[in-house]
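Biologist: Please take one helix of this model and go through it closely, with what covers it and one of its residues as the example. Some background on the whole chain would help me place it.

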Amino acid sequence: MKLSDYVIEDIYSRGTRHVFGMSGGAAVHLFDSAAKHPGVGTTFVAHEQSAAMAADGYYRVSGRLGACVVTSGPGATNLLTGVCCSYYDSVPALMLTGQVATHRLKGARKVRQVGFQETDALSIYSSVTKYAEQLRDPNQVAITLDRAYAEAEEGRPGPVLVDIPDDLQRANVDPGNMLRYAATAKPTSENLPRQVVALLKEISTAKRPVFILGGGCSTPRKVDELREFLSRVDIPLVQTWAGLDLIPHDWKHRIGTFGVYGSRLGNFVVQHADLVVCLGTRLSQNLTGGLLDAFASGARIVMVDADRGEMDKFDGYGIEISGRIHCLMADFLREAMVALTEFHPPAIAPWLATIDRWRNELPDDIPEEPADSAGYVDAHDFVRKLSAVLSDDEIVFVDTGGNLTWTCNNLRVKPRQRVLSAWNFTPMGYAVPAGIGGAVAAPGLPVTCIIGDGGLQLCLGELATVVRHQLPLKIILFNNHAHGIQKQTLETWLDANYAGVDSDSGLGLSNFPEVAKAMGLPVITISKSSEINQKLKEAYAMSGPVICNIEINPSQKLYPVLKAGAELDNQMPLMSAGALNKLRSY
C-alpha cells in the first residue's frame, strides 16, 4: 500500500477520527489518503496555526489525540504557535509535516536550502515537542509512528512531529513486514502508597488546609475520580483557571480562583493556609506572583505532579516544596481512594469561619451595572448572565486577555460543562480555531467561543471555515475596541503612554460585525445592560453559527490584579494598610 495510506490508516486505528490542516504541495499525498479514508474526516482551515489549535481543541474535548497535516516550509513554520499551546498545556497531538523529496534535502551541504521550501522542521520543533523525527526510510514508518504515539501520551503528555519527504509519502510499503516500536512500561513508584498515606495524615492534622486544583487533572481527564476523592476529604479548595471545570461552582467548600488575576478570597486562603496541596498545577508565576518567598510562606506545600522538574524548579528560588509526589494523577487518585478508608477529617471549623469572614469583608471589585445610555455593558455582569443561558453540557473555549480574566472569575460552571483555553501559552486567536476542533470532536454538543477583538483579528479567516462547515459555534466577541489588558499595563507602568493598543495609538482593528456579515454569519450586537438576557436567548436559539458582538466598556479594568512586587493577598485596587492588616489577623 502507499505509505501515505498507511499513515492515515494508522491514525484511524488508534482512535483519531479527524485530520486538520491546510493543503500544500509537499503534503498532497497525505491529504489525498485522508480524503479517501472512509473513517477519517478532514477540515481545511485558513491558516496552519489554526490547524494545530484545532487539533489541540479536538483532544481537549474528546480525549483522543488530535492530528494535523501541513506542507513544508511556511506550512511547517506556521504551525509553531499552535504546537506551543499543546506543549505547554500537556496536550498530546500528532503533527505531520510534508518535506521536499529525499534527494533534494540539503543534508550536510553548507547551504541554507536545496529543495523548494525546504526547511529544517526538526531543529525548529525540537524544543516544543516531546519527539520530532524525519522519516528517511519508508520501512521505518511503523516504528516511527509507534514511537510518536507513545511519546505523545506517556508520562506528561505533549505534541510530537513527524516530517515526511514527498517521495516517501508515495512509496509502497508492506505493513506486515515492518519493525514496530515496543514502549517500555514505566512502573509505578513503590513509594507512592506510603506517600499518599502520609499526605492524608498531614491533611487530618492540619488547621488551615487547602487544595489547589490544576489543569494536570485534565490531561488526561480524571474528573470523576477527582470529585470522589475531594468529596471524601472535604476541605477548602481553590482552582487555577486551567482547573476551572474540574468541579462545579456550587461545590461544597469551593473558594474560587486564585492568582495574579484571581479572586481576593482565593488569594487570602492560599496565603494564610498551613497546608497547601497542589494537584496537577505547576504553580506558575501567574499564580504565585513574583515574590516567591512570600507565597504561602506559613504553609507546608505538597505537589502531586507527573513532571518531577516542575516540583524541583523552585529549589533555591524562594518557594520550598516540602512534599513531592511524582506520579500520574490517575495513579495518585487510585492509591488515595484505597488509603481513604483510614482517613480522619481535620478539625477546621475555625478555618471555615475565618474564610466566611473574609468572604463577607473583602472588597467587592465589581463595577455598578452601566446605564443603557452608556452604549456598553459591564464584562462581569455579562459573564454572569451568560452563565444562565449556557447549556448544562456547554463546551466553552476562551481566548486570552480581558475576556479570559472576566470569564474565569465570573462564570458559574455547571457539573458537565467544560472551560478550555491555551492556559500557559495564551496566544491571541486561539479560541475560534480550537472551538472548530472541539465542535468536530463532539458534533452533538454546544460550543461557545469567547474572544476579544484583538484575538479575533488574528484568526479572522477562520470565520470562513466556520461558515463553510456550518459549525454551530456561538462566538462571543468582547469588543472594547482595544487591547484592553495592554492598556491597563501601560497605565500601571508607563503613565498611560499608549502605543499600539487602540485606534488613537496606532492599532488597526476591523469592523467585526460588518466583516462577519460579509462572510455569511448572523450578528447580534449587545450594547445595553437591559438587553443582555433577551438577546443572548435569541442567539442561543439559533441552530447555526452566530457572532454576538458585545460592546464592552473601553475603560473596563481587570480588577482585582496583583502589581509586581506585592504579596499575593494585596491586589489592586489597594486596600488601606489598616484594613489589610485587620483581615490578615485571625
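Modeller: The answer goes from the whole chain to the helix, then to one residue in it, and ends with a residue elsewhere.

The model is predicted, so local features need pLDDT of at least 70 and side-chain atom pairs count only at pLDDT 80 or more, while totals for chains, interfaces and linings use all residues. Residues are numbered from 1 along each chain as its sequence is written, and side-chain values use heavy atoms, without hydrogens or water.

The protein chain holds 24 helices and 18 strands (DSSP runs numbered from the N terminus, H or I of at least four residues for helices and E of at least two for strands). Its radius of gyration is 25 Å, close to the 25 Å that the globule rule gives for 586 residues, so the chain is as compact as a globular protein of that length (taken over C-alpha atoms; the rule is 2.2 Å times the number of residues to the power 0.38). Along the principal axes, the C-alpha trace spans about 75 × 65 × 45 Å. Of the 586 residues, 57% are buried (buried is under 20% relative accessible area, exposed over 50%, partly exposed in between, with a 1.4 Å probe and protein chains only). Among contacts between residues at least 6 apart in sequence, 76% join residues at least 24 apart (contact means heavy atoms within 4.5 Å).

The helix to look at is α5, which runs over residues 80-88. Its buried residues are Gly82, Val83, Cys84, Cys85 and Ser86. The elements that cover these buried residues include two helices, α3 and α6 (121-125), and two strands, β4 (93-99) and β6 (159-165). Just after α5, Ser90 takes a positive phi of about 60°.

Ser86 shows how α5 meets these elements. At 1% relative accessibility, Ser86 counts as buried. Not counting residues up to four places away in sequence, Ser86 touches Asp56, Val91, Ala93 and Pro159. Three of these partners can be placed: Asp56 lies in α3, whose residues are 48-62, while Ala93 lies in β4 and Pro159 in β6. Through these contacts, Ser86 reaches one helix and two strands that help to cover the buried residues of α5.

One of the covering elements, α3, deserves its own description. This helix has 15 residues and reaches 21 Å from its first C-alpha to its last, close to the 21 Å expected at 1.5 Å a residue (the expected span is 1.5 Å times one less than the number of residues). Because 14 of the 15 residues of α3 are buried, the helix is largely enclosed by the rest of the structure. Just after α3, Gly63 takes a positive phi of about 80°, so each of the two helices described here is followed by a residue with a positive phi.

For a serine in another setting, take Ser505. Ser505 sits in the loop between α21 (484-493) and α22 (512-518). Leaving aside neighbours within four places in sequence, Ser505 is in contact with Tyr498, Ala499 and Gly500. From Ser505 to Ala482 the separation is 23 residues in sequence and 9.7 Å in space, C-alpha to C-alpha. Ser86, by contrast, is placed in a helix.
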